[in-house]
Amino acid sequence: MSPVRRGETLPIHNRIRVLRAERGMSRAQLAELVEVNPQTVGALERGDHYPSLDLAFRICDVFGLPVEAVFSRTEFGPLSTEVYRIRTATEGRDAQ
Amino acid sequence: MPVHDATLLERYEAYRTRRFLRNEEKFRNMLPRWRTRRRRRILVVALAATFVLMFTVGVLCHFFERGPLLWLPACLAFFPLWISLQIVSGRQGDAPRAALDEREIQERNSARSIALTVTQSLVMIPVLYLVVGSVQTDGMHPRMAYAGGLMTLTATLIGGCLPAMILAWNSPDPDETD
């Protein structure tokens with residue numbers, strides 16, 4: 001659900017499910033850390049609820065990542081692919 | 001905020017929240033098999049059927065002197081259904097603000113807004129019945145006030161219960177442990 005009043009609703013994609021799984025964290029654990037109901041974490045992961053800025057920052061604090069690493073207007077690709085791409089680009093620059 | 005700065009309203013809200021959380025803890029594990037979406041929807045439909053019965057009793061009271069007797073079975077159905085629905089839906093419809101997170105507040109506000117509109121529309125039925133009826137009968141119909149009262153009571157009950165019914169209907173199944 002978007003908090004925007006009028007106009008086109010723009011999507012907000014997130015990586016919460018992947019980041020949570022990576023850290024072996026359950027929905028209930030994440031919910032407790034950010035002080036929401038576990039069903040709200042489920043709604044965020046499904047894209048049924050768009051978080052407020054406050055909640056977004058709380059979630060990012062838990063994962064120790066900047067907002068743009070967790071939330072995006074465009075759909076996220078697989079995390080492993082992105083990490084590999086960055087690493088390859090860095091190694092390519094170093095080689096030059 | 002320090003306690004001495006809190007207004008009476010804030011202190012009351014804090015008390016309500018504490019009481020709500022205490023009760024939530026008490027009822028959290030009750031009726032576990034009725035907490036699925038399917039079962040919650042069964043309760044909502046049964047409650048809606050009870051309201052239809054209540055309204056019908058109100059209408060029957062206009063025609064029959066013994067109509068009010070039917071109100072008793074409607075009440076007998078209403079109370080267990082309503083209490084069960086409140087337990088399995090975690091009383092989200094009337095929970096204090098501080099006990100809910102942002103998504104729950106958003107959904108609760110939306111459900112309350114719908115309930116207000118429905119109540120306003122439904123209450124117009126007994127209002128028109130009483131106003132038009134009293135003019136036409138010069139206020140001499142012996143059962144009109146009673147019938148109108150029951151219809152108004154039913155409309156008010158629907159308005160009061162509707163937020164919980166909407167939330168219980170829409171909430172997904174409890175998350176599986178992951």
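This is a guided tour of a predicted model with two chains, A and B.

**Stop 1: the whole complex**

Colour everything by pLDDT. Chain A has a mean of 87, and 94% of its residues reach 70 or more. Chain B averages 92, with 96% of the residues scoring at least 70. For the complex, the predictor gives an ipTM of 0.77 and a pTM of 0.84.

**Stop 2: chain A**

Hide chain B. Six helices and two strands make up the secondary structure of chain A. Follow the chain from the N terminus and the order is β-α-α-α-α-α-β-α. Along the principal axes, the C-alpha atoms fill a box of roughly 50 × 35 × 20 Å. Chain A has 96 residues, and 22% of them count as buried. Take the contacts in chain A with a separation of 6 or more: residues 24 or more positions apart account for 59% of them.

Where is confidence lowest in chain A, and where is it highest? Select residues 79-95, helix α6 of chain A: the mean there is 73, the low end. Now select residues 53-63, helix α4 of chain A, for the high end at 96.

Next, pick Glu35(A). This residue sits in the loop between α2 (27-34) and α3 of chain A. Check its phi: the angle is positive, about 60°, although Glu35(A) is not a glycine. Most residues other than glycine have a negative phi. Glu35(A) is exposed, because only 10 other C-beta atoms lie within 10 Å and the cut-off for exposed is 12 or fewer.

**Stop 3: the contact between the chains**

Bring chain B back. The contact takes 13 residues from chain A and eight residues from chain B. Select residues 38-46 of chain A, helix α3. This helix supplies five residues, the largest share of the side of chain A that touches chain B. Colour that side by class: five residues are nonpolar, seven are polar and one is charged.

**Stop 4: chain B**

Now hide chain A. Chain B has five helices and zero strands. Its C-alpha trace spans about 60 × 45 × 25 Å along the principal axes. Of its 178 residues, 25% count as buried. Residues 24 or more positions apart account for 81% of the contacts in chain B with a separation of 6 or more.

**Stop 5: the largest nonpolar core**

Stay in chain B. Show Leu43(B), Leu47(B), Leu85(B), Met165(B) and Ala168(B) as spheres. In the largest nonpolar core, which has 27 residues, these touch the most other members. Four helices of chain B each supply at least two residues of this core: α2 (37-63), α3 (71-88), α4 (102-137) and α5 (144-170). Which helix gives the most? The answer is α5(B), with 12 residues. Zoom in on Met165(B). Leaving out residues up to four places away in sequence, Met165(B) touches Val44(B) and Leu47(B).

A second, separate core has 12 residues. Switch to chain A to find some of them, including Ile16(A), Ala43(A), Leu44(A) and Phe71(A).

**Stop 6: helix α3 of chain B**

Return to chain B and isolate α3(B). Its 18 residues should span 26 Å at 1.5 Å a residue, and the end C-alpha atoms are 26 Å apart, so the two agree.

Select Ala74(B), Phe78(B), Leu81(B), Leu85(B) and Val88(B): these are the buried residues of α3(B). They lie on the same side of α3(B), because they cover an arc of only 115° around the axis. They pack against α2 and α5 of chain B. Turn the helix over. Leu72(B), Cys75(B), Leu76(B), Phe79(B), Pro80(B) and Ile83(B) are exposed on the other side.

**Stop 7: past the end of α3(B)**

Step on to Gly90(B), which follows α3(B) and has a positive phi near 70°. Then pick Arg91(B), in the loop between α3 and α4 of chain B. Phi is positive here too, near 50°, in a residue other than glycine. Is Arg91(B) buried, exposed or partly exposed? Arg91(B) counts as partly exposed, because it has 18 C-beta neighbours inside 10 Å.

**Last stop: Thr56(B)**

Thr56(B) is in helix α2 of chain B. With 15 C-beta neighbours inside 10 Å, Thr56(B) counts as partly exposed. Draw a distance from Thr56(B) to Gly90(B), C-alpha to C-alpha. The two are 30 Å apart in space and 34 residues apart in sequence.

Key
Residues are numbered from 1 along each chain as its sequence is written. Chains are lettered from A and ligands numbered from 1 in the order in which they are written. This is a predicted model: local features need pLDDT of at least 70, side-chain atom pairs count only at pLDDT 80 or more; totals for chains, interfaces and linings use all residues. A nonpolar core is a set of buried Ala, Val, Leu, Ile, Met, Phe, Trp, Tyr and Cys residues joined through C-beta atoms within 7 Å. A residue is buried if 20 or more other C-beta atoms lie within 10 Å of its own, exposed if 12 or fewer, and partly exposed in between; C-beta atoms are placed from the backbone. Two residues are in contact if their C-beta atoms, placed from the backbone, lie within 7 Å. Ala, Val, Leu, Ile, Met, Phe, Trp, Tyr, Cys and Pro count as nonpolar, Asp, Glu, Lys and Arg as charged, and the others, Gly among them, as polar. pLDDT is the predictor's confidence in each residue, from 0 to 100. The expected span of a helix is 1.5 Å times one less than its number of residues. The arc is that of the directions from the helix axis to the C-beta atoms.
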